[in-house]
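Q: I am new to this structure and would like a careful, close look at a single part of it. Please start from one pair of packed elements and then work outward.

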Amino acid sequence: MNDSKYMNLLYCTIFALFIFMLSGCSDFLDTESRNTLTELNQWENEKNADIYLNGIYSTLDKPNTPDPLDSYTDDNDGGPYWASWQWKQGIATPEVRGGYPMVQDDVAHGFMKWSNVYERIRKCNEFLFEIEAHKMNYSEEWINQRIDEVRFLRAFFYAGLWQHVGGVVLLTEPLDRNTMAEEELYRPRNTFEETYDFICKELEEIVNNGYLAVKYNNGDSDAGRATLGAALALKGWVELYAASPGFNSNIPVAADGTGATPEQIKMVGFGDYDLKRWERAAITNKKFIDLFAGAYQLFPNMANFWSEATEYNSEVIWDRQLMRNIDDLKSDFAQKGGPTYILGKYYTWGNFCPTQELVDQFAMENGLPITDPASGYDPKHPYKNREKRFYDFIVYDGAPYKMNWMPESDTIYTRIDEVNVSKNQIELGQSDVTRTGYYFKKRMDPDWEPSSWGYGINYVYFRYAEVLLNYAEAQNEFAGPDASVYSAIDQIRERSNLPSLKETYGAKAINQAEMREIIKRERRVELCFENKRWYDLVRWGIASEVLNKELHGMKIYNSSPADNSGEWIYERLPLSSHPHVFTQKMYMCPIPYSVITANPKLIQNPGY
């Protein structure tokens, strides 16, 4: 790990402890005692102010949870112990889990938690206020850069909450109960559209200002700070999210059939359809591709993408810094996923178990989906001749498994084998072993043995492949499958050693609807286990279709189990005892009851 990353993260840790000591002296709105302290030294120079800003960066969520957002989708079967299991029973109310039915761990899910987000917003607004008040202490260059960093962070925090609840209360200044009237402290929610407009306007101004670096590379002293690339990528994603049918319609998907009032409809969508929203998303993502062509490009081999050595590679746009075995910076991600047993030793909780539905999305090496009669897929040998991403991301029965930290290679068997019993044999009960017949390999650290806090690979929010996918989808919806759509998708496919779309489908013309399905499949495969699938299910309005169905695993057994002399049977196993209930209101989370009670001006989301 480079020294600059260590020093940046050390400052974050110091500041976090500093804030903890101050927190006992002041509550959410009372800033008097804190101002007394900070007026003396916090804002007297750039170095001290940077420590405060680093503290804001330190509030970015970490992947420290056994219950990632993918567990709320049809991609992962995470087990019965966590919030997702309760949520998938349809248990979602403004009171459940304190009003946060999708939150298992604050450190990982704070982005969708009202109280956490507004604490972060308060810190951003306070920073901006104090910098203006003490601007004589700083250089113009420093002020311009730091202000746009914090404006980006504030937009990022708002965007995270907006994706889960819709319209939020937009605050751009610190709140002070000592100087503000009640109507200034307790404000109504802004609409979905107003929140969207605010986020996009902030990000556009940041990009146009040009004060931030385009990108940082591994070893740069400011690596981990906001960049122009991060701002434009976030804007492109927010625009794509909003342009999608779940929100870009007369009746937003979260309001459909819920008896929503006109005011509630405006909280969870636009309340009308506009094709130009797709165009806007396409323009922004194309701008990223063209403007930053020299700075961002696809990393050549996804098998090596996730490691400390390749942090800030050419594809990484925006990430959250982590470091192994450093308090407040370390992650336990490695202990939660990957094979439970490696070389016969117990290592992980087995929480990340790909479903058969996800596995089926990986193409054959000829580029065709397994459902195509010409693909060559053989259900008796389902793991032969699949695309490269399948072998890079998924641990299947009979998969070779070799990480750099391992003294020798292992072979992972998830089959039911009475002759050669495997510790990783599919478990239909509630142990840590896979319940689907699969584990995942993506994002596992190749260099360090899995341990409780031994994971230090930065958490990537955005990478260049997603920008290409965002552009392809928006452009296809706006103008149809033109050459630029083909090009964007082909770049991603070719990295996985897949033939181009034209090579795959020959002279057949791909229409808009067919291209839409190709793009959806590419997104699901390329971005699997990066906590993206949930947002796609919501914005496409298909969660109520796919999450009300049984999911499946793969049960493998021999027709002659006593001696394995028979045929190996591959049987799609329904996960029938696993909950799969999704109601319309669950497209959006509720506003917690405690928040509504504290501020009666807030409108609750439809169905709650």
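At what angle do helix α16 (residues 464-479) and helix α19 (residues 512-526) pack, and how far apart are their axes?

A: This is a predicted model, in which local features need pLDDT of at least 70 and side-chain atom pairs count only at pLDDT 80 or more, while totals for chains, interfaces and linings use all residues. Residues are numbered from 1 along each chain as its sequence is written, and side-chain values use heavy atoms, with hydrogens and water left out.

Helix α16 and helix α19 pack at an angle of about 165°, and their axes are 10 Å apart. Helices here are DSSP runs of H or I with at least four residues, strands are runs of E with at least two, and both are numbered from the N terminus; the axes are lines fitted to C-alpha atoms, for helices over the stretch in contact, and the angles run from 0 to 180 degrees between N-to-C directions. The angle therefore makes α16 roughly antiparallel to α19, a label given to angles over 145 degrees, whereas those under 35 are roughly parallel, those from 65 to 115 roughly perpendicular and the rest oblique. The crossing of α16 past α19 is left-handed, that is, the near helix is turned anticlockwise from the far one by less than a right angle, with clockwise being right-handed.

The contact (heavy atoms within 4.5 Å) draws on residues of α16 that include Ala 465, Leu 469, Ala 472 and Asn 476, and on residues of α19 that include Gln 512, Met 515, Ile 519 and Glu 526. By class, the contact of α16 with α19 divides into 5 nonpolar, 3 polar and 7 charged residues, where Ala, Val, Leu, Ile, Met, Phe, Trp, Tyr, Cys and Pro count as nonpolar, Asp, Glu, Lys and Arg as charged, and the others, Gly among them, as polar.

Helix α16 has another packing partner in helix α17 (residues 483-495), set at an angle of about 150° with the axes 8 Å apart. That angle makes α16 roughly antiparallel to α17, and the crossing of α16 and α17 is left-handed. From α16, this contact is made by Ala 465, Leu 468, Leu 469, Tyr 471, Ala 472, Gln 475 and Asn 476, and from α17 by Ser 484, Val 485, Ala 488, Ile 489, Gln 491, Ile 492 and Arg 495. The contact of α16 with α17 comprises 9 nonpolar, 4 polar and 1 charged residues.

Arg 495 of α17 leads on to Glu 315, since a polar contact of 2.4 Å joins the side chains of Glu 315 and Arg 495; such a contact is a pair of N or O atoms within 3.5 Å, and within protein one must be able to donate a hydrogen and the other to accept it, while residues adjacent in sequence count only if both atoms are side-chain atoms. Glu 315 lies in the loop between α12 (276-291) and β1, and with a relative accessible area of 0% it is buried (under 20% relative accessible area, against over 50% for exposed and partly exposed in between, with a 1.4 Å probe and protein chains only). Apart from neighbours within four places in sequence, Glu 315 is in contact with residues including Phe 462, Arg 463, Tyr 464, Ala 465 and Arg 495.

Further along the chain from β1, the loop between β1 (316-320) and α13 (333-336) holds Asp 328. Phi of Asp 328 is near 70°, a positive value in a residue other than glycine, and Asp 328 is partly exposed, with a relative accessible area of 41%. Arg 443, in the loop between β7 and β8 (459-463), also has a positive phi, of about 75°, although it is not a glycine. Arg 443 is buried, at a relative accessible area of 8%.

Tyr 438 belongs to the loop between β6 (410-412) and β7 (439-440) and counts as buried at 0% relative accessibility. Its C-alpha atom is separated by 18 Å from that of Ser 409, with the two positions 29 residues apart along the chain. Beyond its neighbours within four places in sequence, Tyr 438 is in contact with Cys 353, Pro 354, Gln 356, Val 359, Tyr 383, Ile 394, Val 395, Tyr 396 and Met 554.
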